[in-house]
Each structure stands twice: as structure tokens, then as C-alpha cells.
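The following exercises concern a single protein chain. Work through each task with the sequence and coordinates at hand before reading its solution.

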Amino acid sequence: MMPSTIKQRISYINCSLQIIEIKHYRGHFVTPKRLAFLLLSLVTLSGCSQIISRATDSFAGSLSAGILNQNDLETVRDGAPAYLLLVDGFISDNPDNEALLLAGADLYGSYAGAFVDEPVRAQRLSDRARQYAHRALCVRNEQLCDAMDEPFETFEAVLAAESDEADVEALYGFGAAWATWIQINSADWNAIAEIPKVEAVMRRVTEISPSFRQGWPYLYLGVVTSQLPPAYGGKPDNARANFQQALELSDRRNLMVHVLFASEYARLVFDQPLHDELLSEVLEADVNEPGLTLINTLAQQRAKLLLEQSADYF
Amino acid sequence: MTLFHSTNSTLRRLSCFCVLLAALLAGSGAAAVTLKIATVAPEGTAWMQELRDAAQRIKEQTEGRVLFKYYPGGVMGSSDTVLRKMRVGQLHGGAFTASELAGRDPDLLLYGIPFLFDSAEEAVSVRKTLDPLVTAGLADAGLTVVGISGGGFVNLFSNSPVREASDLASAKVWTPEGDAVSDLAFRMAGVSPVPLSLSDVYTALQTGALDTVVNTTAGAIAFQWHTKMKYMTDFPVAYVLGVMALDQRRFQRLTEADQQVVRDEMAMAFSRIEATNLQDVVGARDALVNQGIELISLNAAQREQWLGLGERLIERLKQEAKFDLEHLDAMMQTLAEVRAAAR
């Protein structure tokens with residue numbers, strides 16, 4: 001909404017200038033901590049919230065892009081906490097902004113899952129990711145929000161009846177944050193008991209939008225459906241199909257698909273040729289890919305380790 | 001003289017031969033022995049982590065003479081297939097449930113007699129009597145037991161509340177395929193159970209071919225059966241036990257000292273696994289409640305009814321001579337003592 005009064009116009013100009021200034025800094029030499037300070041100062045300015053809201057939507061996206069295109073893991077590991085604080089500040093000022101909440105969930109979840117080894121910290125950060133994602137889903141769709149704590153069959157029925165194209169971003173964001181939270185809290189049976197709900201969410205995303213985000217939902221489905229051996233009723237064929245779909249939709253450029261295909265599926269079914277072939281492909285691939293460079297760098301690191309363990313495992 | 005010389009020379013040659021033989025034997029003892037072990041537990045579980053940690057410690061303590069190679073997630077097939085592969089030397093051991101080893105020693109079925117125990121404490125006490133007996137029984141059958149861990153009890157999960165046997169009248173109740181004792185127990189409760197392999201249960205719950213199953217609380221969540229169930233009867237149906245058994249011939253290729261290292265490390269690992277299992281049972285029970293599963297409590301009369309069914313079942317099994325009757329009596333004697341002490 002455009003500001004209508006003179007006071008608001010002034011605020012708008014002030015805010016715009018500061019945003020331009022920050023973008024300039026970001027492109028050059030500003031450190032993440034300084035950037036966070038600047039932006040946190042910015043969001044405390046009165047009268048800016050609506051404008052900030054729009055600016056922060058795109059800024060949060062830029063932040064995520066900046067991180068995701070980084071190929072130096074240490075830079076992200078050291079710099080990401082400042083971004084997390086920054087997003088907290090934005091969300092605090094825009095508590096019902098779905099895009100910001102999802103960006104917050106994404107950043108917190110990714111950082112906790114990929115960079116935090118200390119279990120208590122990882123749990124704390126993944127809790128926040130899940131809370132942000134849950135709030136985003138509640139902002140987007142009240143029925144889905146209310147159904148989250150219902151028994152599985154009720155939840156599944158509401159998911160099928162009440163979600164559509166407009167919900168897909170929030171659903172996926174929630175499913176992803178939830179999956180990370182489960183992975184980090186896997187010692188807790190409450191977390192394990194929620195795996196079927198995450199699977200249902202990701203499956204619903206693929207039903208609504210089959211090629212959503214170049215196959216990321218299929219990657220989650222591949223991992224989830226690889227957890228149970230056939231002797232316990234698991235369906236490895238479904239897991240394989242999910243991973244293959246993710247490979248196809250990502251044009252084999254998301255190297256984390258290869259790594260998880262190998263570590264979760266190939267190890268489950270004891271298929272060493274597939275395991276080694278997928279991982280060798282990762283090691284030979286170029287990690288640079290818009291939006292995937294960080295993930296691919298992580299994937300390559302992990303592929304090397306898995307390949308080294310291959311002879312011992314199989 | 002010649003004779004002496006000849007004898008002396010023969011002795012010398014013989015003694016050389018003995019030294020050579022001893023060296024060869026020592027050499028074969030020193031060579032690494034790999035024990036290939038199959039388990040249904042998936043990689044990444046606490047169970048597999050304990051087994052891998054134990055293998056690492058055994059490798060270090062035996063200076064690389066004893067190595068373990070695991071085949072997790074059931075990739076080596078069913079328990080019968082694993083036992084067959086052990087017989088021909090393709091595998092050297094496996095982790096089994098007690099009933100899966102009943103083909104080698106029927107006494108393994110004693111642990112899991114339905115409606116036998118009223119509490120975990122009773123089961124733990126009975127195991128002090130029974131574990132050495134079945135370990136000896138399996139040794140006679142060519143298997144060396146290196147680890148035993150209790151997994152708690154299986155409970156009854158259903159889609160309508162089950163308090164008494166008559167509540168099962170119209171239920172579609174699962175029994176594990178080939179489990180004659182469970183099958184008989186449910187028949188004596190007036191039910192015609194549906195025998196199915198574990199791997200088919202979830203699909204049967206989805207299609208409605210089953211609506212009543214037994215599993216541990218942790219198993220119900222891990223296999224996602226909880227998504228299809230509404231109630232859990234809060235009463236122990238049967239005790240679950242995990243046993244790691246090795247092929248005796250292979251195990252005896254290790255030096256006695258190395259055998260002891262394996263026994264000690266695996267015993268410690270299985271003790272930790274049991275502690276984890278017991279925590280899992282409690283944690284999973286709470287999680288089931290949080291997922292909306294309603295716990296059905298039984299009153300004293302209802303508990304007595306199920307325990308009475310257990311007693312009648314034992315009498316029937318005695319008549320059919322399914323077990324070593326002396327061992328069954330020893331178990332029942334221990335159980336009676338535990339109950340008398342508790343009163």
C-alpha cells in the first residue's frame with residue numbers, strides 16, 4: 001500500500017534511501033555484523049513498517065540468495081548468525097509477514113541442519129525455524145494451522161480438502177522446517193511420530209505443483225520413504241522413484257539429491273554400485289549453480305566422506 | 001646306534017614339524033577373522049550405533065584380529081534366510097527376536113508367551129532363570145549367544161477399545177506369520193487371527209484387512225502403524241527379546257582371549273541397548289498419547305481375565321510339549337516366587 005500523507009511520504013523517502021544505502025554496502029565491503037546492525041537500526045525507525053515490510057520481503061530473498069550462492073562454507077558458518085538476528089528483527093516488526101516468516105524458517109533451519117554440531121544449539125535453532133514456519137502457515141491458512149496437532153487421519157483429510165496452489169509456498173516451507181526439526185530431534189519419539197505428517201505435507205505439495213522448486217519436495221520424500229527397511233513394511237521402490245524424480249526435476253544439478261540418494265536409499269538396499277556411481281558424479285561435478293552453490297559445496301564435502309566409507313559399509 | 005640316531009633324527013624332524021605346525025596354527029589364530037552379521041535394524045538407529053561402536057572396540061582390543069561387518073536393514077533377508085546363510089558360511093551371525101530362533105531351540109518361545117507377565121519386573125526376574133538355559137540350548141544347536149536385550153512388551157493397538165477378550169469378537173487381529181503360540185493364544189480368546197508377515201501389516205491396516213495389531217510402543221511409531229490406530233490397551237501382551245547369535249564354528253576360530261573380548265564388549269553393548277529400549281518404550285508411549293492415541297486402562301478383574309488366559313495357554317502348550325517342560329517349570333517357579341515376594 002502506498003503511503004498517502006506527507007509524513008508518510010517523508011518516511012518512505014528516508015527509508016528508501018537507507019535501503020539503497022544498505023544495498024550499496026552489501027554489494028561492496030560491509031560485514032554481516034555491521035549490516036545486521038544497520039538493518040536492525042533501520043527497522044526500529046517509526047513510520048516505516050509498511051515500506052520496510054515490502055523492502056524486507058525482497059531483502060530476505062536477497063539474503064537467502066546471497067547465502068545460497070556462496071561456495072565458501074566457513075564464510076556462511078561465520079556470517080550466518082548475523083543474518084539470523086537480522087531476520088528476527090524484521091519478523092519482530094512484521095509478525096504476520098508470511099514471506100519473512102518463511103525466510104526466517106529457511107535460514108534458521110538450514111543453518112541449524114548444516115552448520116551447528118552442538119545438539120542443544122541445533123535443537124534451539126530448529127525450534128525457531130519450526131515456529132516461524134508454523135506461524136507462516138497459520139497466516140496463510142487457518143484450517144491447516146488448526147489441523148497440525150490433530151491425529152494423522154484428520155490432518156491428512158484437512159490437508160487434501162483445504163490446501164491449494166496459494167498455500168504451496170507455506171506448506172513446503174513448513175514441511176522443510178519440520179523435517180529439519182525432526183532430524184535434529186530424532187532421539188525424541190514425539191519427533192519420529194510426526195514423520196508421516198511431513199511426508200503427507202510434501203506429497204500434497206507435489207500433487208498441487210509437481211515441479212515445485214526443481215524437485216526439492218521429492219528430495220524430502222525420498223529421504224522420508226528410505227527410513228524403513230522392507231522387512232518392516234518400508235517401500236524402497238517408492239523411495240527410489242522419489243529420488244529419481246528429484247534428480248530429473250533438478251536436471252541433476254542439485255548435488256544433494258545424489259548424496260541423499262546414495263546415503264539413504266543405496267545404503268538401505270545395499271546397492272554399492274549405485275552408491276559409488278552417484279557420489280562419483282558429485283565429486284566430478286561443478287558446484288557452481290545459481291541458488292545451489294552452497295548446497296552443492298556441502299554435498300561435495302559429504303560425498304567425499306561417504307565414498308571413503310563405502311568399502312567399510314558394503 | 002643307528003636305531004638311536006634314526007629315532008633321534010625322527011624325533012628332531014617330528015619336533016620341527018610340531019614347531020612348524022604350532023607356528024602355522026598361531027599364524028591362523030593371528031589372521032583377521034571377519035564376522036558377517038545380519039540385522040533388520042536400519043542404519044542410523046541407536047541399536048546399529050551400539051553394534052558399530054562395540055565392533056570398533058573389539059577391533060582395537062584384538063589388534064585387528066576380530067572384525068565385524070554388518071548388514072543392516074534386513075538386506076540379507078528374513079531370519080530363516082539369515083540362519084540358512086549362516087549354515088552355509090555366507091553369514092556368521094545375526095540379531096534375532098527370541099521367537100525367530102525357536103526353530104533351533106523351542107525354549108526361546110517361553111519369553112514371549114502371551115499374557116504371561118503382569119509387569120516388566122516379572123519379565124526381568126524370569127530372565128535370570130531363563131537366559132542361561134536358552135544360551136545353553138542354542139549352544140547345543142551350534143549357536144553362540146553373545147548378546148541378549150529385552151525390548152519391553154508389545155501392546156494391543158485397535159480401532160475400538162479392547163478391555164476384555166470378548167471385545168475382540170469382530171476384530172481383524174494380526175498374528176505374525178508362523179507364530180503358532182500367538183495364533184493359539186488368540187484362538188483361545190475366541191478370535192480367528194489373520195497371519196501376515198510383519199512387512200505386510202501396514203498395507204493391511206491401510207486397506208482395512210486388519211484393525212487390531214500388537215507391537216511395542218516404539219515399533220508402532222517406527223513402522224508408522226500409529227497413524228492407523230486409535231486405542232492402545234494399557235496391558236502387557238507379550239515380552240520381546242533380541243538375541244545376537246553367532247555361528248559357533250566361526251566363533252571358535254578366535255582365540256579364547258579374543259572370544260572373551262567379543263563376549264564382554266557385546267554384553268556391554270546389549271546392556272546399553274536394553275537401557276535404551278526401555279527408555280524408548282516410555283518415550284514412545286508418551287508420544288502416542290500426544291498423537292491422539294487413547295490409552296485403555298484395565299481394572300483388576302480385566303487384568304485377571306487376561307492373565308487367566310495366559311495360564312490356560314501354558315497348560316495347553318504343556319500338553320502339546322512345545323518346550324522343555326523342566327525349563328517351563330523353572331520359569332513358572334521363578335514367576336511364582338516373584339509374585340509371592342511382591343504380595
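**Exercise 1.** What percentage of the 314 residues in chain A is buried?

Solution. The model is predicted, and the burial figure is computed from its coordinates. Counting a residue as buried when its relative accessible area is under 20%, one finds that buried residues make up 52% of chain A. The accessible surface of chain A comes to about 14,500 Å². Carbon and sulfur atoms contribute 52% of that surface.

**Exercise 2.** Where in chain A is confidence lowest, and where is it highest?

Solution. Begin with the whole chain: its mean pLDDT is 84, and 80% of the residues reach 70 or more. Next, consider the helices, of which chain A has 16, alongside 0 strands. Confidence is lowest in helix H1 of chain A (residues 6-27), at a mean of 34, and highest in helix H15 of chain A (residues 272-284), at 98. Over residues 1-52 of chain A the pLDDT is below 50, and this stretch has 55 contacts in the model beyond near neighbours in sequence. Where pLDDT is low, predicted coordinates should not be read in detail.

**Exercise 3.** Determine how helices H6(A) and H9(A) are oriented relative to each other.

Solution. First, locate the axes: those of H6(A) (residues 119-140) and H9(A) (residues 168-184) come within 8 Å and cross at roughly 155°. Second, apply the cut-off: angles over 145 degrees count as roughly antiparallel. The two helices, H6(A) and H9(A), are therefore roughly antiparallel. Third, assign the handedness: their crossing is left-handed. Finally, inspect the contact, whose residues include A:Ala122, A:Ser126 and A:Ala133 of H6(A) and A:Gly173, A:Trp178 and A:Trp181 of H9(A).

Note on methods
Residues are numbered from 1 along each chain as its sequence is written. Chains are lettered from A and ligands numbered from 1 in the order in which they are written. This is a predicted model: local features need pLDDT of at least 70, side-chain atom pairs count only at pLDDT 80 or more; totals for chains, interfaces and linings use all residues. Side-chain values use heavy atoms; hydrogens and water are left out. pLDDT is the predictor's confidence in each residue, from 0 to 100. Helices (H or I, at least four residues) and strands (E, at least two) are DSSP runs, numbered from the N terminus. Contact means heavy atoms within 4.5 Å. Buried means under 20% relative accessible area, exposed over 50%, partly exposed in between (1.4 Å probe, protein chains only). Accessible areas come from the Shrake-Rupley method with a 1.4 Å probe; for residues, only the protein chains shown count as cover. Axes are lines fitted to C-alpha atoms, for helices over the stretch in contact, and angles run from 0 to 180 degrees between N-to-C directions. Angles under 35 degrees count as roughly parallel, over 145 as roughly antiparallel, 65 to 115 as roughly perpendicular and the rest as oblique. A crossing is left-handed if the near helix is turned anticlockwise from the far one by less than a right angle, and right-handed if clockwise.
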